[in-house]
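Open the model in your viewer and keep the selection box handy. This tour goes stop by stop, with something to pick at each.

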Amino acid sequence: MKVLSCVDRMESRIQSIRFKEQTVERTKRAMQYVKEHEDELEPRTITIELRKEDNFLSIASRPGTDLKWYSDESKEKGGSSNGPSPLSYFLSSMGFCQFVHYAEHAMVTQRPRRFTEVTYEVRISSSESEETIRELAKKAADDCYVTNTLKRSCKVTGTIIHNGKQIDSHN
């Protein structure tokens, strides 16, 4: 078992993190494969489905798995506090992602990675006009912290589908 010791500055204590040998070996094999075949590998695609519920509540899932997670706003902001806010997920995902790479780099050295493109599709069923939906989608994308942050680092493209018909596509 491989052990990584790190200092937790919040509590000023040393914490040992253990890696199972199976995890270490699997990670080493995967990273070696990527290193040897990097030029021929297709970009990785990650699909997440989101469903809008009442008020600020939304549910995300990863197709092909039983994973589901929820996002909401606090009661003070009009939500039900049924999950972290979208910005809490966004900011914590940076830490979660870095933790994965701390672990990987403790086991195997590898090159930095980043998103090169993010595409999304919004499906809206509504009796509102196409123009109203188009304006709503544009305002939502233009006002989104996460979308605007991602646009500074990679290509972001959205497709808007209203009552089964594509009505807009924007970068």
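At which residue does α2 bend, and by about how many degrees? Select S92: the bend in α2 there is about 25°. Keep in mind throughout that this is a predicted model.

**Stop 1: the length of α2**

Select 86-107, the range of α2. Put a distance between the C-alpha atoms at its two ends; they are 31 Å apart. The helix has 22 residues, and at 1.5 Å a residue the expected span is 32 Å, so the two values agree.

**Stop 2: the buried residues of α2**

Stay on α2 and pick A103, E104 and M107. These residues are buried. Two of the names, A103 and M107, come back at the next stop, where they belong to the largest nonpolar core.

**Stop 3: the largest nonpolar core**

Now select F19, V24, M31, A103, M107 and V108. Together they form the largest nonpolar core, with 6 residues in all. Which elements give two or more residues to this core? They are α1, spanning 21-37, and α2, spanning 86-107. For context, nonpolar side chains in soluble globular proteins tend to be buried together.

**Stop 4: an aromatic pair**

Show the rings of F99 and Y102. The count of aromatic pairs comes to 1. F99 and Y102 form that pair, and its geometry is tilted: the centres are 6.5 Å apart and the planes make an angle of 55°. Why are these two residues separated by about one helical turn? Because they are 3 residues apart in helix α2. In general, an α-helix has 3.6 residues a turn, so residues three or four places apart point the same way.

Are the two partners buried or exposed? F99 is exposed, at 59% relative accessible area. Y102 is exposed too, at 52%.

**Stop 5: the loop between β3 and β4**

Move to the loop between β3 (49-52) and β4 (58-61), and select F56. F56 is partly exposed, with a relative accessible area of 43%. Which residues does F56 touch, leaving aside those up to four places away in sequence? Its contacts are S71, D72, E73, K77, G78 and G79.

Add A103 to the selection and draw a C-alpha to C-alpha line to F56. The two are 47 residues apart in sequence and 34 Å apart in space.

Then pick N55, which sits in the loop between β3 and β4 as well. Its phi is near 55°, a positive value in a residue other than glycine. N55 is exposed, with 60% relative accessible area.

**Stop 6: the loop between β5 and α2**

Select S81, in the loop between β5 (68-71) and α2. S81 is not a glycine, yet its phi is positive, at about 60°. S81 counts as partly exposed, at 42% relative accessible area.

**Stop 7: two cysteines**

Last, show the sulfurs of C144 and C154. How many disulfides does a search of the whole structure find? The search returns 0. C144 is in no disulfide, and the nearest cysteine sulfur, that of C154, is 13 Å away. Why is there no bond for C154? Its sulfur lies 13 Å from the closest cysteine sulfur, in C144, and that is too far for a bond.

Colour the two by accessibility to finish. C144 is partly exposed, with a relative accessible area of 25%, whereas C154 is buried, at 10%.

Conventions:
Residues are numbered from 1 along each chain as its sequence is written. This is a predicted model: local features need pLDDT of at least 70, side-chain atom pairs count only at pLDDT 80 or more; totals for chains, interfaces and linings use all residues. Side-chain values use heavy atoms; hydrogens and water are left out. A nonpolar core is a set of buried Ala, Val, Leu, Ile, Met, Phe, Trp, Tyr and Cys residues joined through side-chain atoms within 4.5 Å. Buried means under 20% relative accessible area, exposed over 50%, partly exposed in between (1.4 Å probe, protein chains only). Helices (H or I, at least four residues) and strands (E, at least two) are DSSP runs, numbered from the N terminus. The expected span of a helix is 1.5 Å times one less than its number of residues. The bend at a residue is the angle between axes fitted to the seven residues ending there and the seven starting there. Rings of Phe, Tyr and Trp (its six-membered ring) pair if their centres lie within 6.5 Å; planes under 30 degrees apart count as stacked, over 60 as edge-to-face and the rest as tilted. A disulfide is a pair of cysteine sulfur atoms within 2.5 Å. Contact means heavy atoms within 4.5 Å.
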